[in-house]
Amino acid sequence: DLAAFGAVWTSDSRTYLECVTTSKKEGAVTSGTINTNGVESFSRSGLLFTTGIAANGQLKFVLHAFRNFGVAGCDSTNANIVDSTFKVTVHHGPPPTCFPPSALQVNWTMSNKANLSWITGGATNWQIEYGAAGFTLGSGTLVNATSNPFTLTGLSANTTYDFYVRDSCGLGDVSLWSPLGSFSTICAPSASPFTENFDGTAWTSGTGGQNAGDAIGTCWERNPAPAGGFGGPFFWGTRTGTTATVNTGPSADNTTGSAKYIYTEASLGAYQAVAIITSPLVDLGALTVPEVEFYYHMYGLYCGQLFVDVWNQSGGWQNVYSISGQQQTSSAQAWNKESVTLSQFADDTVRVRFRVVRSFQADGDIAIDDVKLKEAPTCPKPSGLIATAVLPTSVTLDWTAVGASSWDISRGP
């Protein structure tokens, strides 16, 4: 029991328990709740911070009590712990033979599955219990896992789950449960061909120099998310018309000239900051030779790098395109069209992300519009053209071909 006297309130006082034998403490401080003097009773149960093995079979506890208001501490005049009311009950048993796993990790999620891993406590079999966010252990779905990593299946799309893992060392010999883990599945796959022009009602244009108040479409994801105000993170946002910084960004979108696009606002963030926006899952099964097509606008002396990456379950994220530096010479100059053949992802389910690495200054806005995942033409253009071994009268060219064995090269001054 905690007693407070005179003008002192019990809500001024704080306590926490320490097990000096195991050198462990409670993870949080407990406060009084009554805004007056008097006696307030406290009890806490289920504390696991003392878990461990005591070599001599004895545990010594210390209750730390203090005040956070006024100059006086705990004493007979202001506040104290009532004599003989401090009691600790320890529940104990023989040392465990099966130790819990740790370091839960979510490797990837899809609309109906999630791949999880952990550091085992020593076993080669495990149990996973999962359920809707906030579920109580014992009420979830129990799954036996014989591999690590392990893929949970049969999940619902666009749903947040909690999960726990424990080692299963033998028949009737299981560890304590791990700490809580959580993940969210993504939206169900969209069909192909897939088109996004960023003009739907869910895409909301921001305003001002930090593109405040914008929103992105359902099932798209961005990292980082906007935080608002100067000093906020470098992020992808939705915009109509020009961007706020002079001498950079497009003057209008590509689709109609009066609609929306997405871009990275270079007046935010620091050098080498990274902004990512990721599409929903797209099922490419309807396409024989898929390709990603998009338009980009990179006007500004300090435009950084734009990368396009594609994800599938077997290979993770794979870079398929990159470009860097200023590509337009004015805000009003037309957007550039780019197409990248994705033959290696035929009959697969993928996500596409646009990744921008910021350069030095604010005049480096990078924008994209009119993204499509569609059938490639019968004779797709090569990609990744680079010049190597440049000599006074000759140059070696290299590119990535798609299905062709001969090419035409046009050159000029």
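This briefing covers one three-stranded sheet, one tyrosine and one enclosed strand. The model is predicted. In general, strands of a sheet pair through backbone hydrogen bonds, and the pairing is either parallel or antiparallel. The sheet made of strands 8, 9 and 12 is antiparallel. Y161 is a buried residue. Strand 20 is largely enclosed by the rest of the structure.

**The sheet of strands 8, 9 and 12**

- Three strands make up this open sheet, in the order 8-9-12.
- Strand 8 (102-109) and strand 12 (150-152) are the edge strands, and each of them pairs on one side only.
- On average, neighbouring strands of this sheet are turned by 30° against each other, with direction ignored.
- Strand 9 covers residues 114-119 and runs antiparallel to strand 8.
- Five bridges join strand 8 to strand 9.
- One residue to look up is S102, whose bridge partner in strand 9 is I119.

**Y161 and its surroundings**

- Y161 sits in strand 13, which spans residues 160-170.
- The relative accessibility of Y161 is 8%, and buried means under 20%, so Y161 counts as buried.
- Leaving aside neighbours within four places in sequence, Y161 is in contact with several residues, including Y130, G131, A132 and A133.
- The contacts of Y161 also include L155, S156, G181, S182, F183 and T185.
- S156 also comes up in a polar pair: its backbone nitrogen lies 2.8 Å from a polar atom of the Y161 side chain.
- Y161 and A114 are 47 residues apart along the chain, and their C-alpha atoms are separated by 10.0 Å.

**Strand 20, an enclosed strand**

- Strand 20 runs over residues 260-264.
- Five of its five residues are buried, so strand 20 is largely enclosed by the rest of the structure.
- K260, I262 and T264 point one way from strand 20, while Y261 and Y263 point the other way.
- Residues on both of these sides of strand 20 are buried.

**The partners of strand 20**

- Strand 19 (residues 236-240) is joined to strand 20 by five bridges, and the two run antiparallel.
- Within that pairing, G237 has Y263 of strand 20 as its bridge partner.
- Strand 28 (residues 366-375) is joined to strand 20 by three bridges, and this pair also runs antiparallel.
- Here I262 has I368 of strand 28 as its bridge partner.
- Y263 and I262 therefore serve as two places to trace in strand 20: Y263 is buried and so is I262, as are the other residues of the strand.

Conventions: Residues numbered from 1 in each chain as written. Predicted model: local features only at pLDDT ≥ 70, side-chain atom pairs only at ≥ 80, totals over all residues. Heavy atoms only, no water. Pairing = 2+ DSSP bridges. Helix = DSSP H or I, 4+ residues; strand = E, 2+ residues; numbered from the N terminus. Axes fitted to C-alpha atoms, helices over the stretch in contact; angles between N-to-C directions. Buried < 20%, exposed > 50% of the residue type's maximum accessible area, 1.4 Å probe, protein only. Contact = heavy atoms within 4.5 Å. Polar contact = N/O pair within 3.5 Å; in protein donor to acceptor, adjacent residues only side chain to side chain.
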